[in-house]
Amino acid sequence: MGKLVYQGIRLLPVIFFFLHAPLFPAYGQTVVEGSVRDDKSREPLAGATIVQKNTTNGVSTGPDGTFRFTVQGSLPLTLSVSLIGYHPGEIDIYDASEPLVVSLREATNFLDEVVITGYTVQQRKSISGSIVSLNVTDAITDSPDQDINKLLQGRASGVQVLSNDGVPGGGVTFLIRGNNSINGSIDPLYVIDGVFVGTGGGVSYPGGGQAASNPLADINPADIENISILKDANATAIYGSQGANGVVIITTKRGKVNTKAKIALNVSRGWSEAIRQFQAITGPETGQLVNEAVYNTAVDRGIDPSTVTLPFPDYASLPTYDRISDLFRTAASSTYELSASGGTAGSSYYIGLGYTSQESIVKPSGFERYSGRLNYDTNLSEKLKVGTSLSLVRTYRNVSNSDNDPTGVINSAIFVRSYLPVFKDDGSYARYGAFDNHLALIEHLDNNAVNWRTIGNLYAEYAFLPDLKFRSSWSVDNSELTEHNYSDTFVNAGVAAKGRATARSTRSLVYTAEQLLTWIRSFGSRHSLNALLGNTVNARLREQATVTGSGFATNDLRDISVAAITSGSATTSESRLLSFFGKAGYTYNGRYTLEGSIRADASSRFGKNKRWGYFPATGFTWNAGTEEFIKKLRIFDALKVRASFGYSGNQNGISDYAALGLWGANATYLEIAGTSPSQLANPDLTWETTRQFDAGVEFTVLQSRLNVNFDYYDKYTYDLLLNVPVPFRSGFEYYLQNYGAISNRGVELTLQSVNVQTKDFTWTTDFNISHNKNKIVKLASDITMGASGRNASILREGYPVNSFFLYKQLYVDPQTGNAVYDDVNDDKLITFADRQIVGNALPDFTGGLTNELTWKNVSLNLFFYFQQGNEILNMQDFFLVHGGTQNNIGFWPRQLERWQKAGDVTDIPRLTTFSGNPNENGGAANNYGGTVANLSSRYVDDGSFIRLKNISLSYRLPKTLVSRLRLGDVKLTASASNLLTFTRYGGLDPEVSAQSSNQNTAGYDWATVPQPRTYQFILNITL
């Protein structure tokens, strides 16, 4: 038997009785009435038995979950409540004047949980793979995030989810068990109702911004029922070449047969604000620093400083112009969702409509989504079932403030020196150097993207026998993205060109056809077998057309057709994937399970000699909790040990024609058009392959109050799809081939506990933590990149990906104020040879902690997310704590902490623009960012943080009141996200990755929109 849902303290009724005995007349009989509900869903439970303890007097609940009967004897007394499939409970009654509400907790052993495993469903007790199954509850969807992958942050062990910025619909870094690739994609495979969903084709930010958008923001989270994350090789190998980075299977809501229509309305309104804002120093402080830099530079150059004319003799009188407050706003958000579900004896349906609008806290960006979904299933006969899943979504993005864009809104506000006016004397916008006027960008840039996305699936399932079924499905993911960008004559990009416009149309199409035969059979009481055979045909098409125009008669005419000069280009690419796969599992006596699978894939992207890849996997499960010697220990309520090993492949991230020798027709010779080779052929190019071993244990103790799941894994990815340098005499710089290897090893721990459970109060906790160690095992040569040509990131054998490659600042000399750098080769000079790896953007630990406390109809949910051990390269410090080396660029307040006189102890050197070598002449120069010592470890900060990601307080109206209103359920929720953050990071926000468009340059903070703090009110009504 399971743990009792309500187990009162036995002394309490006695003490209570003696203290309040006069209040209870000694009636011989009392009428007790109430209802029994499911602890989680709050749905009424029919057929529950209520018995007066130590008697045979009892009753069962009716179809609506209510009961009424007469008890014998005087109060207080105890009732026992039971129902098959639920933990039995007891409730002590002291007062019968009000109806009772009894909650029962489902008694299903966690190993009996049914999990979606990829093409099939299985009970957890027989699964040898590492799979996380998440039911999308209100506690998850109460978050203001409207992106599927953001909602998974901190909810599953082994999964790292990081929002790259705070822009609605912005990019997300999603890693399952580490980074597996360098050139190939690191995104997992997303499968929504059997549809292979594309993750490419994000918005092309204008102006050079390097933060990616998130195509999965097109999916409405309110339509989702369950998310399963497949992590190990045995779970993912059935997806072969698509499963190397893990698989995320998303199941949307469907109706149930023989149920009346259920209509649900969800409405939310909220507002967001910046937790912290960018800061600038005053005009007088800026003038003082500029003077100081000029003075110190003269000294370093051997010039008599008394002969130097300072730029601002009266710097104290300089004005201060505030640009930062123009950037930020209190951003509004709203969501409206309406759904209907139900079914007849032979069919079921789910219809969902949604609208979401979110403003960014930095002007003028925003995100808007209209969504509609239809899921329908029907039994045409006893053997034939057909159904469809169809989703149509329209999204709109204003992308005018792209992160780390040199000419973007943020840089134009924070980089311009604070004593420079925003407007000219004639009232027009003032511009300085390469930086635009921030108000001109906010008010005049017109950069918009509209995407229409259709995700559909049609299937037919025929049962030849009760245990032998054939399923055929056809699915499509079609995305039509249209971008319009216009720069008028008020901004730099449009001044010289007299207006500049770009229109881009991108179509991404993923078509999948699958045929699947499944057989599930039990032989007697001890033997069971399940097997499947399948075939997949997958086709991908991407078409893009771009047209530009310049020279417009007026800013009111923006159509490219009226531009004086126009040009255009168009590209098309497509690929095919053919797959055959099979899987079988045998279980003996419900105790031992052996599984095996193999998938064969052929891709058109690879060379003609090696297009086929073969990906086998196997796994073993021991349901040890059923062993007699384990039962005698009386420790475990359930215990399972499992292990798996297998292979999976990767082809994503390379071009559709990566293996072919290509020629380009844009070459000219003596002004005559011609062709030239643009890519070397590689007929032996083949799959990037991941080999993975996983071992895990799952158990429940303390009468099913504590569930524990522990995993160890070892992933090794080899034959990397890598651009390897070739001799210049070949006429090429790189050659794509299979070379290199990456290792990921780690451990994962998940704890789920029921801490307290009484009649009215329940407290549960979910905790997970993951550790991953990444290392490049084999690489042809070092590869540097990042920071706009400053090569601040490096890929080097023996180190993790996303390592920072910088000069190491040891200290600032208290006597001279000069920075002292580590002279690695001891040649008394600081050159590129002295750069070294000084940090890494990958965290050592990630995880989440959720506490949910429920008292009667009130529920409080607190969700914390944390990551530890990663570093962030603060490019804002590099540019704005520059010591005077950056012309016309302002200063960050940290610049005021510089060294000024002998004896000062600080990590910020003296102001100077002298570009001599810092370890020459006593280290007298180049302390900041000159020609030699560019980026240093001084700009690398600890990026660890713990964040109260979401807190929500919910209240369900009493059932009696809801019934009077002729409603099914009413819930009110108030929530807040990013309410508290604990971090040592000195930038605006530690949850950042400004150059996320390149997976190998994570961990940059550069003019990035910070994560907002959001307050939200939610109303849920069910009819």
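Which residue in strand 50 is the bridge partner of Leu 873? The partner is Tyr 1004. This is a predicted model, in which local features need pLDDT of at least 70, side-chain atom pairs count only at pLDDT 80 or more, and totals for chains, interfaces and linings use all residues. Residues are numbered from 1 along each chain as its sequence is written, and side-chain values use heavy atoms, with hydrogens and water left out.

**Sheet**

- An open sheet of three strands (DSSP runs of E, at least two residues, numbered from the N terminus) has the order 47-46-50 and mixed pairing.
- Strand 47 (940-942) and strand 50 (1004-1005) each have a single partner strand, so one side of each lacks a neighbour in the sheet.
- Strand 46 (residues 871-874) pairs with strand 50 in the parallel sense over two bridges; pairing requires at least two bridges found by DSSP.

**Cavities**

- The structure holds ten cavities of 30 Å³ or more; a cavity is a set of points on a 1 Å grid over the protein atoms alone where a 1.4 Å probe fits but cannot get out.
- The largest cavity has a volume (the space filled by probe spheres set on the points) of about 340 Å³.
- Its lining (residues with an atom within 4 Å of a point) comprises 30 residues, of which Pro 144, Asp 145, Gln 358, Pro 1012 and Thr 1014 are the closest to the centre.
- Strand 18 (331-343) is one of the strands that supply at least two residues of this lining, and strand 18 gives the most, with four residues.

Notes. On a 1 Å grid over the protein atoms alone, a cavity is a set of points where a 1.4 Å probe fits but cannot get out, and a pocket is an open set with protein on both sides within 12 Å along at least five of seven lines; lining residues have an atom within 4 Å of a point.
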